[in-house]
Structures are given as C-alpha cells and as structure tokens.
Amino acid sequence: MMTLPWLDLPLVWGGLIAFAVLAYVVLDGFDLGTGILFAVERRTEDRAVMMNTIAPVWDGNETWLVLGGGGLFAVFPLAYAVIMPAFYPTIIGMLLALVFRGVAFEFRFRAVTARGRAAWEFAFLAGSTLAAFAQGLTLGGLLQGVRVVGGAYAGGWWDWLTGFTILCGIALVIGYALLGATWLVWRTEGDLQRRCRRHARALGAATLALIVVVSLWTPMLNPTFAHRWFGWPGILLTSPVPVLVVLLAWGFWLGLRHGHHVTPFLCALGWFALCYAGIAISLYPYIIPPGITFRDAAAPPESQAFLLVGAVVLVPIILAYIAYAYYVFRGKVQHGEGYH
Amino acid sequence: MPQAVTLARAQFAFTVAFHIVLPAFSIGLASYLAVLEGLWLRTGRQVYQDLFQYWVKVFALVFGMGVVSGVVMSYEFGTNWSAFADKAGPVVGPLMGYEVLTAFFLEAGFLGIMLFGLKRVGPGLHFLATCVVVLGTLISAFWILAVNSWMQTPQGFRVDAAGRFIPTDWLAVIFNPSFFYRLPHMVLAAYLSVAFFVGAVGAWHLLRDRGNVAARTMFSMAMWMATIVAPLQIVMGDMHGLNTLQYQPVKVAAMEGDWETSRAAPLVLFGWPETEARHTEFELAIPHLGSLILTHDWNGEVKGLEAFPPDQRPPVPVVFWAFRIMVALGFLMAGVGIASLILRRGGRLFHARRLQWLAVAMAPAGFVALLAGWVVTEVGRQPYTVFGHLRTDDSISPVAMPGVAVSLAAFAIVYFIVYGAGFAYLLALVRKPPVPAEPGPYAGVPMRTAGITPGPPAAETLGDAWPVEPRP
C-alpha cells in the first residue's frame, strides 16, 4: 500500500483544496457576479450578451465547487462531516440557489413567451445573488468558529446568523458583482461595456470599504487571529497584504480611467486572491476554528496518497484544456451573436 | 433520532431519483450524438447532421439539469450523512475525487465546445469534443458505480479504533465483487432508456408523417438498439442477480418474496408480501422455477428471509414490487425489439402503426425500469449504508428532524418547479418534427431583438437536402 511517507500529505492536500476553493471563488465569482448585475442591467438584449459571455464556461467553473466539496470529503472527511451539518441551512440554500442559476442558462433559451424568459432571468439574478450571499454566510460562520464536541457539530440552529456573517454575505455579493462587472468590461463592448465600467467604479469602492471593515472585524473574533496579524513575527507575513491591496487599487482605478479592458478584471482578481491569502493566514493551521486543525481532519495517508497521485497528473491536464476552452471562446461577445 | 433518519432517507431518495435519470439520459444521448456526428462526417448525409442538431438541443437541456442536481448530491453526503462521510470518507471520498478529476472536468471543459463551438473549431475538432464528452460520461459512471458497488459488496479495507474504514487495497475496493455486474447493467440501462425515448419521438413523428426521413432514421436506429440491447440487458440482469445471491442473499430473498429456505423455491410471479405475518399473500408462483433461475439447478437451495435476523432484512414489499416492475418492463422492451425485427422484413417497420403507438407509449419505459432497478438495489441494501458493516441509523448527521423536514420540503418545491419546467421544455423540443437543415441549439428567439420572429430556415431547402423518398 502506497502512503508516500516522505511527503507531508495533509499539508500538500491543504494547499490543493485551498487552490480548488480559490479557483471556484474567482471563476464562479464572475459568473455569479454577472447574474447579480442583472439587477441593474434590465434590457433583454444586454442580458443575452452578458449570459453569452459565460454560457460556454460556467459549467467548468462550477466544477471547482464540486472539487472543493468532494475533495474535502476525500482528504479531510472530518472537516466535511462537521462543516456540512454546521452550515446545513446555508449549504442547502446555496445548492438550491445554484439549481435556479444553472438551469436558467438553458431554460431562458427555451422559454417561448416573454414572460417565461423574464421569469428565468429573474431566477438567474436571484439564484446568483442568493448563492453568493449563502457562501458569504458560510465563510463568515467558519471564521467566527464552530462548536464541536466529540468530532461532531454541537452548535445550534442559528449559529451561522450573526452581524459578522451577514456582513460577509453582503461583502461577497458586492465582491462577486465587481468581478462580474470587470469581466464584462473585458468581454463586451459599446454601451454595455461603458455602463459596466461605471458599475465597476462604484462596486470597486464598495468592495474596498468592505474589505477594510471585515479585515478589522476578523482579528477581534479570535485572539489567535489578532496575534497572527499584529504580533511578532506574524506581522512580517501579514503587513504586505494591505500594502498590495492598496497597490492593486491604484492599478484598478488607472485601468478604468484609461479605458483598459483587462486590467480592472485582473486587479479585482488580485483583491480576491489577497483576501483569500489573508483568511488562510488567519486560519492556519485550523481548518475549522477554534478546535480542528487540518492535521486532525486529515484522512489516513492511504487515502490521501491514492488521490494525490491522480491529482498531480490530472490537475495540470485539466488546467490546460480549460485554458483551451477559454481560448476557443475568446474575444468580445456581440449583440445578436450566439456562437451558432 | 429515528424520524430524522426517515426524513433524511426520503430527501436523499428524492434528490437522487431526480438526479439519476438525468446522467442516465446524458450517458445514452451523448453516445447517440457521437454516433450521429460520426455517421454525418463519414457519409456526408444531411439527415445525420440534422438529427445531431435535433438531439443536441435535448442534450444541452438534460445535461444542464443533471449538473445542478449532481452538485446537490456531492454535498448531501455531508449535510445529511455526516457520520457516514466521516467513517467511510477515506474509502468513498477518493473514488468520488477521481470522478471529479477524470470525468466532471472533462465533460465540462468540452461541453462548451460541443454546444457552441462547431463554427469556431470546425467539424473534426468538434467531433473530437463530442467523443470526449462521451468518454467523460462513461468515466463518471465507472467511478460512481465503483462507489455504489463497494457500499453493496465492500472489501479491501480494515476498520480502525475510531470506526473509520481504512483502505488497504485500492484495486480490491474499486473492482469489488459486484462492480463488473453493476457497471454494465447501468450503462446498458442508460442506452436502453435513451433508445426507447428516441424511438418514441421517432414513432410519434412517423405517425404524423410517414415520409419524414429523419424520423424514419431515428426510429430505425432506436429499434435496432431495442432488438440488440434489451435481450443483452436481460442476460446481464440474470448474471447480476446471481452475483447478488452470492454476496447479498437477503436482498434476493426480498426480491423473490421467499420467506422460507427451500430446495424447490418457487418463482413468485405476483403476491403481496406481509412483513408482520412473514408470508406472501395471494401468491401466484411456479414451483422449482425460482431454484432453477437462481441456482441454475432444479433442486438448488435458495435461502428465505427467515434465515436472516429481522433487524438485517430490507423492507420486503418495496424491493419485491420494484423488482417486478423492472423485470416486466425489461421483457416488454425486448418484446418490442423482437417485434420490430420481424416487421423489418418486407419493409413494414415504417408502416406498423400499432408498433409505433406502442413505442410512443413506452417513451419512459427505460427510465422507469432504471429507477425501479435502483430501488431494488438501494432499498435492498437496507438497513445498511455499507452492507454488513455500517447501519443507516449510524450514518446520519446530527441535524434534528425539523431542519431535515424544512429542507426536504424546499427540495420538493424547487425540484417540482425546476424539473417540471425542464420537462415541459423537453416535450416542446421533441414535439417539433426534425426538419432539413435543422437549426442549431442556440438559433432563434433570445438572441434577436424582441418582436422579430425569423422564419424557419427549413423553408427554402425543404425537399433538396434530404433525398426525396417515394411516399407509400
């Protein structure tokens, strides 16, 4: 039986799962953000263009969520077995919202009447927004800590609903909308692109403000987080994070002002990556604060080694053909074009 | 929490029953589309391209619904079966991880090209993308059936002090004793389900217009599948049953409705199993035939339910009836296949209105049989999740009854709305007859300015795209 004893399997897998979740957040982030922007983009022609920018790729983007969840099940089963019941309402809510979001792509095309089409456009908007909000609630709930006794969730019904988690939910909705707006700046043209630039400016400011508030609130949740961020030597690792956020903000506004197409999107992705890194710095080595580290939750080396062999070979291949799929559908999406 | 267990099982059964139909549809239809596109590229006949365009619309719809109901499944192991996830996760989890890495990404990565990319990549690469999607559906079936078969006939593991299943031999885990029976049985079921659905659509349009070349082609192809695959599936099912008798005899006893162990076990055709009285009422049975089928010996011993403690028996009536539904539909499908073969002689296939009406009526036959089969094998595994090792009662999440009740209600409402609408759109697609120069999946309404309805592109080309065949 292969167990790869020379490798720190839980650490490697922690990194891989973190990568899968980050990939999900940024990739489905702009999909969900595009849906959230249906709230302000109401013309059916514009909505068709917006949907067409993501129609060929959304399924692959959502697969990272399955890898995040399925991967947790495979290599950190204890974490999976605690997180899912602890966040039962937000997880089920997210899944149901994603059902509406996912079927809306096809159903909108198939709807015969204008009312039917409007109904599925609303399902797309509501599904995207609710899924984002539920993900924010779950993330906030994880950061504030989960009550565990004897390896099982021991908290109450409403532990996931606090001021902090609601703030995280709102922050993720706004942040995803920003990703969506900058994505559309890249992939559309004309009036729609001009309006998305305007949305991006407002959403960028709101996202920055929310990043500041959440970042100041998080260390107050848990003394370990505070020590990690402001104590010595943690500050060596943590201080570059806010500096980089400010640098990206500078690039973001310059990019918008000078009419760049891709820069705002890349800067928004950078913010997400930095916030994610910030969360990772806070949590390490806990996978479920305050009690369960990623080592406690790890599956036996027999399981982790078996899946790692496949992941090492397959993940680069997956990244290559996904990049190819994006390459096939590159360029601006025009009104009235449906890839047919 | 007995009630929470019941509701959690109801929720899982409900969501998985909705889900399983869709990947089965995708497995069968993806393969059919690859065959159609391959025939088109090889022969250059317009009718194959038109049939491809006709069915790829259905595929896009079905695949999208399958994706979202599948994401639900991948999280439900944790939300509702967290004790199972924690204990069996080290064995089951990596297999599902491989399913994501080898199948889901593959399907998702190439589906976009298959649906939207024909103009962008050209026919050759497009055909390759279609074939890759087919491969993805089959790889997915491989892993998920490895997981399911391991839960039925577990091996290749040890149990540690904390009660966790620790894998000791991955090859033994994957290629467990029931895997090579369950996998082909399921793939054939998917092919047969789609064959009968395609056949019903072809028959429907033949009944309206006997000369529709595309309808003729799809009906004929579907009937060939029925002729070949349905009998093959019966043989496969028999072999699977013998395998179950060897490893899960209590399930077979429930399927047969046999209470007492016997060397002249009858074949119970109909009856009403009474769990309390431990007896099957109103039994219509053929003596010795049960022994003959199950042991291939006139006097072979077949264990009855009484040979197992009551707390190790599955719910008998459900398994008993689901099994009969599956078998009856299987023989009916084989009968249609044979009838169609006979009617081919003398070219009567496209004129046989009674067969065509029967084919229309049997549109859902394959799917119903498939669901019944899953009920047999999953309910027949009770009261265990990992057969013989982990009881369903010990697999549950610490989520109390009201929470599960609310989520079950939410799933029921959402699924009926969403899948009800999806089913209506599906029927609307197949109600239209296939036409020459069939438009692609995303030609039409939403892409254009509201108010302008483009005329059907078929109008000018009708008649010269398909070779004109003499009307009977």
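Trainee: How many helices and strands are there in chain A?
Mentor: Chain A has 14 helices and four strands, and please keep in mind from the start that this is a predicted model.

Trainee: What's the mean pLDDT of chain A, then?
Mentor: The mean for chain A is 91, with 98% of its residues at 70 or more. Among the elements of the chain, helix α10(A), residues 234–238, has the lowest mean pLDDT, at 83, while α7(A) has the highest, at 96.

Trainee: And what is the radius of gyration of chain A, set against a compact globule?
Mentor: For 340 residues a compact globule would have a radius of gyration near 20 Å, and chain A has 20 Å, so the two agree. The C-alpha trace of chain A spans about 55 × 45 × 40 Å along its principal axes.

Trainee: How much of chain A counts as buried?
Mentor: Of its 340 residues, 55% count as buried. If you take the contacts in chain A with a separation of 6 or more, 77% of them are between residues 24 or more positions apart.

Trainee: Let's look at α8(A). What should its length be, and what is it in the model?
Mentor: Helix α8 of chain A runs over residues 190–221, which is 32 residues, and at 1.5 Å a residue it should span 46 Å; the C-alpha atoms at its ends are 46 Å apart, so the model agrees with the expectation.

Trainee: Which residues of α8(A) are buried?
Mentor: Starting from the N-terminal part of the list, they are A:Leu192, A:Cys196, A:Arg197, A:His199, A:Ala200, A:Leu203 and A:Gly204, and the list continues with A:Thr207, A:Ile211, A:Val214 and A:Thr218. As background for reading such a list, an α-helix has 3.6 residues a turn, so residues three or four places apart point the same way.

Trainee: What covers those buried residues of α8(A)?
Mentor: The cover includes α2 (44–54), α6 (114–144), α7 (163–187), α9 (223–230), α11 (240–257) and α12 (263–283), which belong to chain A as well.

Trainee: Switching to the contact between the chains: how many residues does it take from each?
Mentor: It takes 61 residues from chain B and 68 residues from chain A. On the side of chain B that touches chain A, the elements giving two or more residues are α2 (46–80), α3 (82–116), α4 (118–152), β2 (165–167) and α13 (401–431) of chain B. The largest share of that side, 21 residues, comes from α3(B).

Trainee: How do the residues on that side of chain B divide into nonpolar, polar and charged?
Mentor: They divide into 39 nonpolar, 19 polar and three charged.

Trainee: Different topic: which peptide bonds in chain A are cis?
Mentor: Two that I can point to are the bond from A:Tyr284 to A:Pro285, which has omega near 0°, and the bond from A:Pro289 to A:Pro290, again with omega near 0°. A:Pro285 sits in the loop between α12 and β3 (286–288) of chain A, and A:Pro290 lies in the loop between β3 and β4 (292–293) of that chain. For context, most residues other than glycine have a negative phi, and most peptide bonds are trans.

Trainee: Where is B:His296, and what is its phi?
Mentor: B:His296 is in the loop between α9 (289–295) and α10 (316–344) of chain B, and its phi is positive, about 55°, although it is not a glycine. With 10 other C-beta atoms within 10 Å, B:His296 is exposed.

Trainee: What about B:Ala437?
Mentor: B:Ala437 has a positive phi of about 55° too, although it is not a glycine, and it is found in the loop between α13 and α14 (458–461) of chain B. Because it has 18 C-beta neighbours inside 10 Å, B:Ala437 counts as partly exposed.

Terms used. Residues are numbered from 1 along each chain as its sequence is written. Chains are lettered from A and ligands numbered from 1 in the order in which they are written. This is a predicted model: local features need pLDDT of at least 70, side-chain atom pairs count only at pLDDT 80 or more; totals for chains, interfaces and linings use all residues. The expected span of a helix is 1.5 Å times one less than its number of residues. A residue is buried if 20 or more other C-beta atoms lie within 10 Å of its own, exposed if 12 or fewer, and partly exposed in between; C-beta atoms are placed from the backbone. Two residues are in contact if their C-beta atoms, placed from the backbone, lie within 7 Å. Ala, Val, Leu, Ile, Met, Phe, Trp, Tyr, Cys and Pro count as nonpolar, Asp, Glu, Lys and Arg as charged, and the others, Gly among them, as polar. pLDDT is the predictor's confidence in each residue, from 0 to 100. The radius of gyration is taken over C-alpha atoms; the globule rule is 2.2 Å times the number of residues to the power 0.38.
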